[in-house]
Amino acid sequence: MDKPVRLVILGGGTAGWMAANLFAKRWSRTQVHITLMESPEIPIIGVGEGSTPSLKRFFKQLDLTEQEWMPACHATYKTNIRFVGWSPASGVQEYSHPFYSQPDVFNERTFFTNCRTRRLGLDVITDPEKFFINGELARQGKMPIAPPNFPFQMEYGYHFDSQLLGHYLASVARARGVVHHQAKLAEVLRNDRGEITALQTDAGDLLAGDFFIDCTGFASLLMQKALAVPFHSYQQQLFNDSAVVMPTPALARPPVETRSTALSAGWCWQIPLTHRTGNGYVYSSQFISRDQAETEFRAHIGMSNSSESCRHLSMRVGQLAQHWSHNCVGLGLSQGFIEPLEATALHLVQLTVEALMDAWDDHQFTSNGRDHFNRTVANHFDGVRDYIIAHYKLNTRGLNNTQGSDYWRANRDNTQLPESLLQILDVWYRCGDLTAELAQRTIKPAFNSASWHCLLAGYGAFPPLATNQPGQGKGDLYRECKVADFVEGCAMNFPLFL
Ligand SMILES: Cc1cc2nc3c(=O)[nH]c(=O)nc-3n(C[C@H](O)[C@H](O)[C@H](O)COP(=O)(O)OP(=O)(O)OC[C@H]3O[C@@H](n4cnc5c(N)ncnc54)[C@H](O)[C@@H]3O)c2cc1C
């Protein structure tokens with residue numbers, strides 16, 4: 001397969017414009033010609049407003065500063081995800097998953113050791129947010145932006161208005177030479193090897209290309225429809241297939257974290273932006289009807305008496321059997337989706353584009369290169385899937401007289417778990433070394449050991465306390481290593497948000 005020169009992206013949602021920008025930046029001094037075609041009649045999905053720290057790297061790669069893009073997208077900082085009500089029977093009302101930053105290298109071992117000590121039955125501190133600087137910033141409502149003399153690199157994500165982010169990225173891409181073609185796809189033309197040669201628009205124009213990127217959202221017009229690439233569903237393990245969303249006014253002091261609250265048949269996000277608050281209930285239609293979900297959602301966000309309408313969405317959860325087939329790659333919702341609990345969709349978009357660009361630059365436009373790409377991307381998806389499933393499998397809602405439902409019971413009782421996840425849980429419950437287990441995997445896991453420890457410790461996934469304790473605070477490295485002094489001392493360097 002020759003290196004493609006004419007790249008055609010079909011679809012102008014966040015995935016399409018992210019790809020267009022990354023290509024345009026990496027290949028600005030080459031012969032590569034990039035065209036993005038989208039239909040003005042078919043709206044983008046318009047949800048997806050939280051990110052992981054990889055979005056910070058994305059903007060850096062594009063040389064776009066926070067001063068430029070954040071106000072244009074009403075963006076806020078995200079240091080943390082707070083999970084509320086997922087594991088009440090273990091005594092945990094809420095816990096945090098802070099993004100890992102450079103100063104955390106000092107406390108990570110202490111946290112891991114305390115988690116192991118607690119798994120052995122000793123009463124030690126294991127709340128993730130107490131060990132990680134971003135957890136403390138979230139608690140204090142501080143921005144993760146340190147003064148220049150703070151000697152560590154901070155990692156964080158963002159919240160943003162997805163419509164505005166799309167517009168912003170489109171304007172940058174156009175200014176950097178991407179050709180924007182507004183038309184609806186009518187037909188996909190292919191040669192006798194099955195490769196796509198051109199897209200025909202409903203106006204009869206032909207858009208010829210050497211390589212195509214399918215960013216058509218859940219429609220997956222090139223990968224699933226034209227090339228008939230099979231789809232591997234995750235629905236046996238991840239039951240959520242629907243969402244209902246509605247914004248509320250901006251909070252007086254927006255927190256620097258996403259809040260994810262467990263409800264009767266799913267969970268609700270709260271994403272603070274500067275001009276409004278995004279809310280959405282992600283649920284399983286097997287366990288609750290659309291109307292019941294809306295009623296519960298409205299009550300949860302305090303909008304029961306509002307005449308404003310909600311928006312309902314369906315979600316298809318899983319991934320393509322191949323992300324690259326013939327001369328086409330699926331990207332964004334067209335390649336798959338693993339529900340928004342850890343806001344990983346744009347992260348996966350970015351990793352997919354980077355893997356493709358590396359294949360191009362390393363002369364790997366071969367069948368071996370394509371197989372390697374497909375294994376890499378599939379592994380990222382599976383890694384995220386495992387981490388998300390664990391949130392449902394480990395829930396304790398309904399145990400010990402706490403409020404539960406069939407949905408939470410079914411998740412807890414689900415035995416259709418991937419082997420890769422079972423191994424992690426097995427190591428944890430056998431008091432093994434989770435870091436070593438993850439490190440020996442041939443492909444790097446999507447979530448690192450710190451994130452797995454946050455999840456498992458945050459859930460309170462521990463045996464009952466031993467009756468014979470060594471005495472108040474003994475063996476508790478949180479106290480002995482004065483972790484609180486370090487974390488709180490670091491946090492003093494950071495400014496309050498707004
Ligand atoms: C409920 C929910 C919550 C989410 N939350 C998050 C989150 O917090 N964080 C995160 O990272 N992600 C999240 N996501 C995922 C995120 O919304 C998407 O990954 C992201 O918006 C990218 O979408 P897309 O570009 O793949 O598709 P879309 O936005 O659907 O864009 C599809 C594009 O294809 C074009 N198109 C379609 N058909 C044709 C045609 N016939 N001819 C021409 N053009 C066509 C459309 O015009 C449009 O431009 C969430 C998703 C859902 C469903």
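## A walk from Lys-78 to the sheet, the ligand and helix H14

Let's start with a residue that comes with a label: the unreviewed UniProt entry lists Lys-78 under "active site". Bear in mind as we go that the model in front of you is predicted. You will find Lys-78 in strand E3, which covers residues 76–78.

Is this lysine buried or exposed? Its relative accessible area is 1%, so Lys-78 counts as buried, given that the cut-off for buried is under 20%. Look around it and, leaving aside neighbours within four places in sequence, you will see contacts with Gly-50, Ser-51 and Phe-99, with the run Tyr-156, Gly-157, Tyr-158 and His-159, and with Val-256, Thr-258 and Ala-343. Ser-51 deserves a second look, as its backbone oxygen lies 3.1 Å from a polar atom of the Lys-78 side chain.

Gly-50 takes us on to the ligand. Besides being in contact with Lys-78, Gly-50 is listed among the closest of the 32 residues that surround the ligand, together with Gly-12, Ile-42, Val-47 and Leu-333. Which backbone atoms come close to ligand oxygens? At Ile-42, a polar backbone atom is 2.7 Å from an oxygen atom of the ligand. For Leu-346, a backbone N or O atom lies 3.0 Å from a ligand oxygen, and for Thr-14 the distance from a polar backbone atom to a ligand oxygen is 3.4 Å.

Now turn to the sheet. Six strands form an open sheet in the order E7-E2-E1-E11-E21-E20, and their pairing is mixed. Strand E7 (179–182) and strand E20 (324–325) are the edges, each pairing on one side only. Both senses of pairing can be followed by eye. Strands E1 and E2 (residues 33–38) run parallel and are joined by five bridges; one pair to look for is Val-8 with its bridge partner Thr-35 in E2. E20 and E21 (residues 328–330), on the other hand, pair in the antiparallel sense over two bridges, and here Trp-324 has Val-329 of E21 as its bridge partner. Helix H9 (residues 345–361) packs on this sheet, touching E20, E21 and strand E11 (211–214), and the direction of H9 makes about 155 degrees with that of E21. As for E1 itself (residues 6–10), four of its five residues are buried, so this strand is largely enclosed by the rest of the structure.

Helix H14 (residues 449–458) is enclosed too: ten of its ten residues are buried, so the rest of the structure largely surrounds it. Among these buried residues are Trp-452, His-453 and Cys-454. What do the buried residues of H14 pack against? The partners are strand E5 (92–98) and four helices: H4 (108–119), H10 (367–393), H12 (419–429) and H13 (434–439). At its N-terminal end H14 is capped by Asn-448, which places a side-chain oxygen 3.2 Å from the backbone nitrogen of Ala-450. After the helix comes Gly-460, with a positive phi near 70 degrees.

Our last stop is Gly-473, in the loop between H14 and helix H15 (477–480). Its relative accessibility is 18%, and therefore Gly-473 counts as buried. Leaving aside neighbours within four places in sequence, Gly-473 is in contact with Arg-479 and Glu-480. It also illustrates how the fold brings distant parts of the sequence together: Gly-473 and Ile-125 are 348 residues apart in sequence, yet 9.0 Å apart in space from C-alpha to C-alpha.

Technical notes
Residues are numbered from 1 along each chain as its sequence is written. This is a predicted model: local features need pLDDT of at least 70, side-chain atom pairs count only at pLDDT 80 or more; totals for chains, interfaces and linings use all residues. Side-chain values use heavy atoms; hydrogens and water are left out. Two strands pair if DSSP finds at least two bridges between them. Contact means heavy atoms within 4.5 Å. Axes are lines fitted to C-alpha atoms, for helices over the stretch in contact, and angles run from 0 to 180 degrees between N-to-C directions. UniProt positions are given in the numbering used here, feature names are shortened, and annotations may be inferred rather than shown by experiment. Buried means under 20% relative accessible area, exposed over 50%, partly exposed in between (1.4 Å probe, protein chains only). A polar contact is a pair of N or O atoms within 3.5 Å; within protein, one must be able to donate a hydrogen and the other to accept it, and residues adjacent in sequence count only if both atoms are side-chain atoms. A residue is near a molecule or strand if one of its heavy atoms lies within 4 Å of it.
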